[in-house]
Amino acid sequence: MPVRIGELLLKEKRITPAQLQEALNYQKTSGGKLGFNLVQLGFVKDEEVTALLSKQYGVPSINLAEFEIDPGIIKLIPTETAHKYQIVPLSRAGATLTIAMTDPTDVFAMDDIKFMTGYNVEPVVASEAAVLAAIGRYYSAAPAKRLEKKAAAASPQVNLSSAATLDMVTKALEESSAIVDDDVELLEDMDQIDVSSLERQGGEAPVIRLVNLMMMSAIQKGASDIHIEPYEKEFRVRFRIDGILYNVMAPPLKFRDAITSRIKIMSKLDIAEKRLPQDGRIKIRFADNGTTKEIDFRVSCLPTLFGEKIVLRLLDKDKLMLDMTKLGFEPVALQKLETAISKPWGMVLVTGPTGSGKTNTLYSSIAKINTSETNIMTAEDPVEFNLVGVNQVQVRENIGLNFAAALRSFLRQDPNIILVGEIRDFETAEIAVKASLTGHLVLSTLHTNDAPSTINRLMNMGIEPFLVASSVNLICAQRLVRRICTTCKGDHPHPAKALVEAGFTPDEAQAVIPKKGSGCETCNNTGYKGRVGLYEVMEISEEIRELILVGASGLELRKKAVEEGMITLRRSGLQKVIEGVTTMEEVARETVK
């Protein structure tokens, strides 16, 4: 709960009730924080407020007037950020940056500075007057104009260029003490859910602005997912950027139900159902450099021990890469895949874990063969992107429309090409195999570790070896690794022995010089910007068909495929290292030798 400085001063008998009331009236006309106004009226001294805040927050206080700050430290925090959050950077020790601030509980400010600078943030408390004086001393620029009035009316459209959004949300959250009323404690009892209370919380202006901020921040930072996670004593928000999760925000725990309700309202989910998983979708429109842009969010709610964990997957049509030559395929592998998808029948399977880019590869394949002469039908769960000229069906398990049911209907719709979002069971696999053997090209995905093990996975599902051998044309296993930031890329030599152990030949180990990013503003000091695919493309040749028929193991299939020129996932990664696209660490993280 926010510290009420007036109540603390009353409790310490530093001011009288009459003085507090006068200061509150003065605050209504002049604005600003109550502590600052009490000092302005002469009721308390600046040092008294600072000492009290230090004691209450449990952090050290500092007299900025007696502290000389290194200009190099000042440069770490931009002028507008210092004005916006009323902070001053003081010193840096290793990976920790110490900052002076008027409110050391402002988690939004600390999270933003941590993300901006890459340092851990250690706050100390200083009076508002001292902070403003220090900002005026070390920063010459005037404060950025506040946009609080403009943001007071919550709107579904969010201005991407609004630099004051984070500040407005923070201020609104500080000032709003009525967002979660006392009666909301009833929400903990699963049998007594007050729906009207939930709706009211989700409709509060500060909560709307916070959720809008969260979404816009994810878009700006290029995140693929937003994770909103409640714990017993913590409520955190993480973004997955280039495949890695980063802590970006820690809203007060009391806003947990309000934020959850707001997201459920936006995605048209049942806000009263807190015991079962739910899935929904949000479409938002916002202004981006003068143009209107739309982005979809796929929403998944999952009940956990301390509340509902929500994951929002960002689906940006503009970032959907449909040009197969730019995905990261080696020329030989790409040529094999293009040959397989151009055949009139058979099965092409794309495998890999969740988030490895399988959908992008399938959509790119469809875009390549999508002509006015073909009837393409897809069954997806969910349909992530709308493709022009493609008949897309949303699978709905709850009403019996599963992959198998959709596939059966497809075969009565005169299709040329069928895309099955995922082969999960024997029934779906059986229909897909039969469709591929009766004049249809079938594209689908499976969850396996590499290309050869896909054959064994199909047989484990119950498909006969002779059906697998005759139906599958090609299997493509893939992973995504982070690209090195081109702005700060530099040489990062490794010992030849380590390179040989990683999979390079002795000659390559002597010649190759791996690259690595040192970290810069462009990549948020991570050294990486964007991602690229690693691909293992296994063409089912006549020799491999014979091995499948006699029940060969995955190891034997892999050995034969490599002999026939298959580039393994590890080799694909090493090739990207030679080309200076990714690092050895990324390849080792996603592949095995």
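This tour proceeds from the whole chain to selected helices, cores, loops and charged pairs.

**Whole model**

The structure is a predicted model, in which local features need pLDDT of at least 70 and side-chain atom pairs count only at pLDDT 80 or more, while totals for chains, interfaces and linings use all residues. Residues are numbered from 1 along each chain as its sequence is written, and side-chain values use heavy atoms, with hydrogens and water left out.

Begin with the cartoon of the entire protein, which shows 25 helices and 18 strands. Helices (H or I, at least four residues) and strands (E, at least two) are DSSP runs, numbered from the N terminus. Of the 593 residues, 49% are buried. Here buried denotes under 20% relative accessible area, exposed over 50%, and partly exposed in between (1.4 Å probe, protein chains only). Contact means heavy atoms within 4.5 Å; among contacts with a separation of 6 or more, 64% are between residues 24 or more positions apart.

Next, display the molecular surface. The protein exposes about 28,300 Å², of which carbon and sulfur atoms supply 51%; accessible areas come from the Shrake-Rupley method with a 1.4 Å probe, and for residues only the protein chains shown count as cover.

**Two helices**

Select residues 358-369, helix α15. Its 12 residues should span 16 Å at 1.5 Å a residue, and the end C-alpha atoms are 17 Å apart, which agrees; the expected span is 1.5 Å times one less than the number of residues. Buried positions in α15 are Lys358, Thr361, Leu362, Tyr363, Ser364, Ser365, Ile366 and Ile369.

Move to helix α16, residues 403-410, where 6 of the 8 residues are buried. Highlight Phe403, Ala404, Ala405, Ala406, Leu407 and Phe410 to see these buried residues of α16. Then add β11 (376-380), β12 (391-394), β13 (417-420) and α17 (426-436), which are included in what covers them.

**Nonpolar interior**

In soluble globular proteins, nonpolar side chains tend to be buried together. A nonpolar core is a set of buried Ala, Val, Leu, Ile, Met, Phe, Trp, Tyr and Cys residues joined through side-chain atoms within 4.5 Å. The largest such core has 43 residues; select Leu349, Ile455, Val472, Ile475, Met538, Ile540 and Ile548, which touch the most other members. Centre the view on Ile475: beyond its neighbours within four places in sequence, Ile475 is in contact with Leu349, Thr351, Ala451, Thr454, Ile455, Glu536, Val537, Met538 and Ile540. Apart from this core lies another, of 36 residues, including Phe108, Met249, Val299 and Cys301.

**Two loops and a surface patch**

Select Pro104, in the loop between β2 (96-101) and α7 (107-117). Pro104 counts as buried because its relative accessibility is 8%. Neighbours within four places in sequence aside, Pro104 is in contact with Tyr57, Val59, Met110, Pro123 and Val125. A distance monitor from the C-alpha atom of Pro104 to that of Ile87, 17 residues apart along the chain, reads 9.7 Å.

Leu305 offers a second loop position, between β8 (291-304) and β9 (307-315). With 78% relative accessibility, Leu305 counts as exposed. Add Tyr231 and Phe306, which together with Leu305 make a nonpolar surface patch of about 310 Å². Patches are made of residues with over 30% relative accessible area and no salt bridge: like charges are joined within 9 Å, nonpolar side chains (Val, Leu, Ile, Met, Phe, Trp, Tyr) within 5 Å.

**Charged pairs**

The structure holds 30 salt bridges, each being a side-chain nitrogen of Lys or Arg within 4 Å of a carboxyl oxygen of Asp or Glu. Show Arg275 and Glu273 first, whose side chains meet at 3.8 Å, N to O. Arg275 is exposed at 52% relative accessibility, while Glu273 is buried at 16%.

Arg285 and Glu294 form another salt bridge, at 3.0 Å, N to O. Arg285 is partly exposed at 40% relative accessibility, and Glu294 is partly exposed with a relative accessible area of 35%.

Finish with Arg589 and Glu590, paired in a salt bridge at 3.2 Å, N to O. Then select Glu229, Arg236, Arg238 and Lys309, which are joined into one network by salt bridges that share partners.
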